[in-house]
Amino acid sequence: MSHTVLAELVANVLKVTVKAGDTVGPETTLVILESMKMEIPVLAEVAGTITELKVTEGEVVRDGDPIAVIQES
C-alpha cells in the first residue's frame, strides 16, 4: 500500500533529505520546509520505501501539495 505525504502549509522547500529508493521510518525527516523564517521538518509518517519525491529544493509548496510517495513495508 502506498502513502502520500502532503504539505500542511505554504512554504519553501529548504532541503530535501531523502531520495527515491531510500528506506524510511515514521520519524524520518523527508524535507525541511521554511515558512516565516521557521524551519519545519516533514516526517515520513509511515515505514517503507520512497517511491517518488514530488518536490525539489527551492520550490514553493501549498497546503495539500504532495511531497513524497512511500510504499509501506
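This is a short talk about one sheet, two loops and the salt bridges in the structure above.

Hi everyone, and thanks for coming. Please keep in mind as we go that this is a predicted model.

Let's start with the sheet. Here we have an open sheet of 4 strands, paired antiparallel, in the order 5-4-2-7. Which strands stand at the edges? They are strand 5 and strand 7, the latter covering residues 60-61. Each of them has a single partner strand, so one side of each is left without a neighbour in the sheet. For strand 7, you can look at its pairing with strand 2, residues 11-16: the two run antiparallel and are joined by 2 bridges. If you want a spot to click on, Ala-11 stands opposite Val-61 in strand 7.

Now follow the chain out of strand 2. In the loop between strand 2 and strand 3, residues 23-24, you will find Asp-22. What does Asp-22 touch, once residues up to four places away in sequence are set aside? The answer is Gly-48, Thr-49 and Ile-50.

Asp-22 also has dealings with Lys-19, and there are two of them to show you. With its side chain, Lys-19 forms a salt bridge to the side chain of Asp-22, at 3.1 Å from N to O. With its backbone, Lys-19 places its nitrogen 3.0 Å from a polar atom of the Asp-22 side chain. Lys-19 counts as exposed, because its relative accessibility is 54% and the cut-off for exposed is over 50%.

How many salt bridges does a search of the whole structure find? It finds 2. Besides the one we just saw, Lys-54 and Glu-52 meet through their side chains, at 3.2 Å from N to O. Here Lys-54 is partly exposed, with a relative accessible area of 38%, and Glu-52 is partly exposed too, at 36%. As a general reminder, side chains of opposite charge can pair when their charged atoms come close.

My last stop is Glu-45. Look for it in the loop between strand 5, residues 38-43, and strand 6, residues 48-53. Glu-45 is partly exposed, at 41% relative accessible area. Leaving aside neighbours within four places in sequence, its contacts are His-3, Val-5 and Pro-26. With His-3, the side chains share a polar contact of 2.6 Å. And Thr-28, 17 residues from Glu-45 in sequence, sits 7.9 Å away in space, C-alpha to C-alpha.

That's my tour, and I'm happy to go back to any of these spots on the screen.

Methods: Residues are numbered from 1 along each chain as its sequence is written. This is a predicted model: local features need pLDDT of at least 70, side-chain atom pairs count only at pLDDT 80 or more; totals for chains, interfaces and linings use all residues. Side-chain values use heavy atoms; hydrogens and water are left out. Buried means under 20% relative accessible area, exposed over 50%, partly exposed in between (1.4 Å probe, protein chains only). Contact means heavy atoms within 4.5 Å. A polar contact is a pair of N or O atoms within 3.5 Å; within protein, one must be able to donate a hydrogen and the other to accept it, and residues adjacent in sequence count only if both atoms are side-chain atoms. Two strands pair if DSSP finds at least two bridges between them. A salt bridge is a side-chain nitrogen of Lys or Arg within 4 Å of a carboxyl oxygen of Asp or Glu.
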